[in-house]
Amino acid sequence: MENYKLVLPEHLNHYGFLFGGNLLKWIDEVSYIAVTLDYPGCNFVTVGMDKVEFRKSIRGGTILCFTSEKNRIGETSIEYTVTVSKDNIETGERVIVFSTHITFVCLDEEGKKKPIRDTKE
């Protein structure tokens, strides 16, 4: 699944670069959308991201592409790989700026882990 985001002035720190927390929030959001669409009827919450390392700076006006791909599935949890790239609007070149693995767990109505129902397979 691909999603795009335009980096606006309200997303920047006092040096004019994207706040890392905004990027992490967007990764959580786009991967939550992916897992929810992949497994309708399941209630997921984020339990972790494996690595947070910002590879390239991101300035205002940048178009970011978020790619979420299912990586690993367990009985109650599922992991997605999220890659963030920035597109150069003048050249069309795409450069990876961030990647991580994010893990979700499926919960029942009482907040307890429950098995993931795979409605797509």
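1. Definition and status. A residue is called buried when its relative accessible area is under 20%, exposed when that value is over 50%, and partly exposed in between. The structure discussed in this note is a predicted model. On the scale just given, E53 has a relative accessible area of 42% and is therefore partly exposed.

2. Overall architecture. The protein contains one helix and five strands. Read from the N terminus, the order of these elements is β-α-β-β-β-β. Along the principal axes, the C-alpha atoms occupy a box of roughly 45 × 30 × 20 Å. The chain has 121 residues, of which 35% count as buried.

3. The pair E53 and K51. A salt bridge joins the side chains of E53 and K51, with an N to O distance of 3.1 Å. K51 has a relative accessible area of 48%, so this residue is partly exposed. E53, at 42%, is likewise assigned to the partly exposed class. As a general matter, side chains of opposite charge can pair when their charged atoms come close.

4. The pair R72 and E79. A further salt bridge is formed between the side chains of R72 and E79, at 2.9 Å from N to O. The partners fall into opposite classes of accessibility: R72 is exposed, at 53%, whereas E79 is buried, at 10%. The assignment of R72 rests on a value of 53%, which is to be read against the cut-off of over 50% for exposed residues.

5. The network around D87. In the salt bridge between R94 and D87, the closest N and O atoms lie 2.7 Å apart. R94 is partly exposed, with a relative accessibility of 39%. Through salt bridges with shared partners, E2, D87 and R94 belong to one network. For the structure as a whole, the search returns five salt bridges.

6. The largest pocket. Which residues line the largest pocket? The lining consists of R59, G61, T62, I63, K86, D87, N88, I89, E93 and V95. By residue class, this lining comprises three nonpolar, three polar and four charged residues. The space in the pocket amounts to about 170 Å³. D87 deserves a remark, being a lining residue of this pocket and also the salt-bridge partner of R94. In general terms, empty space is revealed by rolling a probe the size of a water molecule over the atoms.

7. The nonpolar surface patch. M1, Y32, I33 and L37 make up a nonpolar surface patch of about 350 Å². L37, one of the patch residues, is located in helix α1, which covers residues 20-38.

8. Strand β5 relative to two other positions. Strand β5 spans residues 94-107 and includes T100; H101 belongs to β5 as well. Is T100 buried or exposed? With a relative accessibility of 3%, T100 is buried. H101, in contrast, has a relative accessible area of 27% and is partly exposed. The C-alpha atoms of T100 and L37 are 20 Å apart in space, with a sequence separation of 63 residues. For H101 and V35, the C-alpha atoms are 13 Å apart, and the two residues are 66 residues apart in sequence.

Definitions and conventions:
Residues numbered from 1 in each chain as written. Predicted model: local features only at pLDDT ≥ 70, side-chain atom pairs only at ≥ 80, totals over all residues. Heavy atoms only, no water. 1 Å grid on protein atoms, 1.4 Å probe; cavity = no way out; pocket = protein on both sides within 12 Å on 5 of 7 lines; lining within 4 Å. Points joined across faces, edges and corners; volume = space filled by probe spheres on them. Nonpolar A, V, L, I, M, F, W, Y, C, P; charged D, E, K, R; others polar. Salt bridge = Lys/Arg side-chain N within 4 Å of Asp/Glu carboxyl O. Buried < 20%, exposed > 50% of the residue type's maximum accessible area, 1.4 Å probe, protein only. Patch = residues over 30% accessible without salt bridge, like charges linked within 9 Å, V, L, I, M, F, W, Y side chains within 5 Å. Areas by Shrake-Rupley, 256 points an atom, 1.4 Å probe, with all protein chains shown as cover. Helix = DSSP H or I, 4+ residues; strand = E, 2+ residues; numbered from the N terminus.
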